[in-house]
Amino acid sequence: MSTLLQIFTWWNGQTLGTRFHTWRFGKKVGQDELGNVYYEGGKKDSEGRTRRWVIYNGYSEASAIPPGWHGWMHHRTDVPPTQENYQVRDWQKPHKPNLTGSAGAYRPQGSIYSKGERPQVTGDYDAWTPRS
């Protein structure tokens, strides 16, 4: 089953092409607490920086990269969190999955999907009607 997912999907971990590229050119830099594995290659990108990528543990969701690794992935620091004493700040929140389309999705007050009724308008609104 894992091999079929690697052949036909890109959102479940890695494809066979990514696995081969990582095996051939990637140097493992570290792993985060969610099981995502980070790599760095020898080639440079168009801006002269080394290429960096992540192999997600399960479903590929970019917001699942922790703050320390996010800085390293985007070349804001040259030192990965595994090689420094990175401390998570108070204001940095843990990963929360995207719940859009599920029962846990955010539904603001007044949404047709939220519970309850739409709040009454204040009376200063006149609906448009044709020929008025």
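## Val79, a partly exposed residue

Val79 is partly exposed, with a relative accessible area of 33%. That value falls between the 20% below which a residue is buried and the 50% above which a residue is exposed, so Val79 belongs to neither of those two classes. This comes from a predicted model. Val79 sits in the segment after helix 3, which spans 67-73.

What does Val79 touch, once residues up to four places away in sequence are set aside? Two residues: Trp72 and Glu84. There is also a long step in sequence to note. Val79 and Val29 are 50 residues apart along the chain, yet their C-alpha atoms are 9.9 Å apart in space.

## The chain overall

The chain has 132 residues, and buried residues make up 27% of them. Three helices and three strands are present. Their order along the sequence is α-α-β-β-β-α.

Take the contacts between residues at least 6 apart in sequence: 36% of these join residues at least 24 apart. The accessible surface of the chain comes to about 10800 Å². Carbon and sulfur atoms account for 53% of that surface.

## Thr22 in helix 2

Thr22 lies in helix 2. Is Thr22 buried or exposed? Its relative accessibility is 9%, under the 20% cut-off, so Thr22 counts as buried.

The side chain of Thr22 has a polar partner. A polar contact of 3.0 Å joins it to the side chain of Trp53. Trp53 is also one of the residues that Thr22 touches when those up to four places away in sequence are not counted. The others are Gln14, Tyr39 and Ile55.

## The cavity

How many cavities of 30 Å³ or more does a search of the whole structure find? One. The largest cavity holds about 30 Å³ of space. Its lining is made by His21, Phe25, Gly41, Gly42, Lys43, Arg51 and Trp53. Helix 2 (16-25), strand 2 (37-44) and strand 3 (50-55) are the elements that each give two or more residues to this lining.

Strand 2 supplies the largest share, three residues. By type, the lining of the largest cavity divides into two nonpolar, three polar and two charged residues. Trp53 links this site to the previous section: Trp53 lines the largest cavity, and its side chain makes the polar contact with Thr22.

## The largest pocket

About 350 Å³ of space lies in the largest pocket. Its lining has 20 residues, and those closest to the centre are Glu33, Ile65, Pro66, Pro67 and Pro94.

Which element gives the largest share of this lining? Helix 3 does, with three residues. The lining of the largest pocket divides into 10 nonpolar, six polar and four charged residues.

## Gln92 and its contacts

Gln92 is in the segment after helix 3. Its relative accessibility is 16%, below the 20% limit, so Gln92 counts as buried.

Gln92 has two polar links. Its side chain makes a polar contact of 3.2 Å with the side chain of Tyr86. A polar atom of the Gln92 side chain also lies 2.9 Å from the backbone nitrogen of Arg89.

Leaving aside neighbours within four places in sequence, Gln92 is in contact with Pro67 and Tyr86. Pro67 is 25 residues from Gln92 along the chain, and their C-alpha atoms are separated by 7.4 Å. Pro67 is also among the residues closest to the centre of the largest pocket.

## His75, a positive phi

Most residues other than glycine have a negative phi. His75 has a phi near 60 degrees, a positive value in a residue other than glycine.

His75 is found in the segment after helix 3. Its relative accessible area is 22%, above the 20% limit for burial and below the 50% limit for exposure, so His75 counts as partly exposed. Val79, at 33%, is partly exposed too, and Val79 is likewise in the segment after helix 3.

Terms used. Residues are numbered from 1 along each chain as its sequence is written. This is a predicted model: local features need pLDDT of at least 70, side-chain atom pairs count only at pLDDT 80 or more; totals for chains, interfaces and linings use all residues. Side-chain values use heavy atoms; hydrogens and water are left out. On a 1 Å grid over the protein atoms alone, a cavity is a set of points where a 1.4 Å probe fits but cannot get out, and a pocket is an open set with protein on both sides within 12 Å along at least five of seven lines; lining residues have an atom within 4 Å of a point. Grid points are joined across faces, edges and corners, and a volume is the space filled by probe spheres set on the points. Helices (H or I, at least four residues) and strands (E, at least two) are DSSP runs, numbered from the N terminus. Ala, Val, Leu, Ile, Met, Phe, Trp, Tyr, Cys and Pro count as nonpolar, Asp, Glu, Lys and Arg as charged, and the others, Gly among them, as polar. Buried means under 20% relative accessible area, exposed over 50%, partly exposed in between (1.4 Å probe, protein chains only). Contact means heavy atoms within 4.5 Å. A polar contact is a pair of N or O atoms within 3.5 Å; within protein, one must be able to donate a hydrogen and the other to accept it, and residues adjacent in sequence count only if both atoms are side-chain atoms. Accessible areas come from the Shrake-Rupley method with a 1.4 Å probe; for residues, only the protein chains shown count as cover.
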